[in-house]
Amino acid sequence: MSLQDYKLPGFVLGWAIVDLVFCGLRLFQVPFSALALFVIDDVTLQAVGVLELVTVAPLGLVGVPAAILILCKRRLGLTLGYLCAALTALSLITSIITPIMMAPADGDAATVGGFAAGVIFSLGIRVSLLLLYIRMLLEFKNFLAAVDEDMA
């Protein structure tokens, strides 16, 4: 038997497909984000745009091959997946910096509170997705180890 004869666990299969979609959307976003930098006059928005572009582009470029390789049961997919998780963590850091740069300076308490609640909520969702992705990588690693043991 070869590695290709073994069936991927459902969680790994599902999350690899979800990741492929998310990273594909990120790649689709990159050219539009780059074009927007030339249209925006606000220096702060340009800085935010560059920061987002620098983290989104590599994430899509690494994430798409990682997901495809995992779906094809290739070991390199695990390595690229770990790199994708690290890039996602870096992207989360920019998601913390960006609201600080964009926070309403003279807003009333309700505006600032609503802004902060939105930032915390979106970060919570992104952290949850990252943790699920890491779980998928660990399950894929265990799958590879179990196949190696079974084939030995």
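User: Which helix gives the most to the lining of the largest pocket?
Analyst: This is a predicted model. Helix 1, helix 3 and helix 4 each supply at least two residues of that lining. The one that gives the most, with six residues, is helix 1.

User: Which residues lie closest to the centre of the largest pocket?
Analyst: The space in this pocket comes to about 260 Å³. Its lining counts 13 residues. Closest to the centre are Asp-19, Phe-22, Arg-26, Thr-88 and Leu-129.

User: How do the lining residues of the largest pocket divide into nonpolar, polar and charged?
Analyst: The lining holds 13 residues in total. They split into nine nonpolar, one polar and three charged.

User: Which helix gives the most to the largest nonpolar core?
Analyst: That core has 28 residues. Helix 1 (10-39), helix 2 (43-71), helix 3 (76-102) and helix 4 (109-151) each supply at least two of them. With 10 residues, the top contributor is helix 4.

User: What does Ile-70 touch, leaving out residues up to four places away in sequence?
Analyst: Ile-70 is among the residues with the most contacts inside the largest core. Met-136, Leu-137 and Phe-140 are also in that group. With sequence neighbours up to four places away left out, Ile-70 touches Leu-8, Val-12, Ala-16, Gly-77, Leu-78, Met-136, Leu-137 and Phe-140.

User: How many residues make up the second, separate core?
Analyst: Leu-37, Leu-53, Val-56 and Ala-57 are included in this core. Its full count is five residues.

User: Which helices do the buried residues of helix 4 pack against?
Analyst: The buried set in helix 4 includes Val-119, Leu-123, Tyr-133 and Phe-143. Tyr-133 and Phe-143 are also among the residues with the most contacts inside the largest core. The buried residues of helix 4 pack against helix 1, helix 2 and helix 3.

User: Is Thr-94 buried or exposed?
Analyst: Thr-94 lies in helix 3. Leaving out residues up to four places away in sequence, Thr-94 touches Leu-51, Glu-52, Thr-55 and Pro-99. The cut-off for burial is under 20% relative accessible area. Thr-94 has 4% relative accessibility, so the residue counts as buried.

User: How far apart are the end C-alpha atoms of helix 2?
Analyst: Helix 2 has 29 residues. At 1.5 Å a residue, helix 2 should therefore span 42 Å. The end C-alpha distance agrees, at 42 Å.

User: What phi does Lys-73 take?
Analyst: Lys-73 comes just after helix 2. Its phi is positive, at about 60 degrees.

Terms used
Residues are numbered from 1 along each chain as its sequence is written. This is a predicted model: local features need pLDDT of at least 70, side-chain atom pairs count only at pLDDT 80 or more; totals for chains, interfaces and linings use all residues. Side-chain values use heavy atoms; hydrogens and water are left out. A nonpolar core is a set of buried Ala, Val, Leu, Ile, Met, Phe, Trp, Tyr and Cys residues joined through side-chain atoms within 4.5 Å. Buried means under 20% relative accessible area, exposed over 50%, partly exposed in between (1.4 Å probe, protein chains only). Helices (H or I, at least four residues) and strands (E, at least two) are DSSP runs, numbered from the N terminus. Contact means heavy atoms within 4.5 Å. On a 1 Å grid over the protein atoms alone, a cavity is a set of points where a 1.4 Å probe fits but cannot get out, and a pocket is an open set with protein on both sides within 12 Å along at least five of seven lines; lining residues have an atom within 4 Å of a point. Grid points are joined across faces, edges and corners, and a volume is the space filled by probe spheres set on the points. Ala, Val, Leu, Ile, Met, Phe, Trp, Tyr, Cys and Pro count as nonpolar, Asp, Glu, Lys and Arg as charged, and the others, Gly among them, as polar. The expected span of a helix is 1.5 Å times one less than its number of residues.
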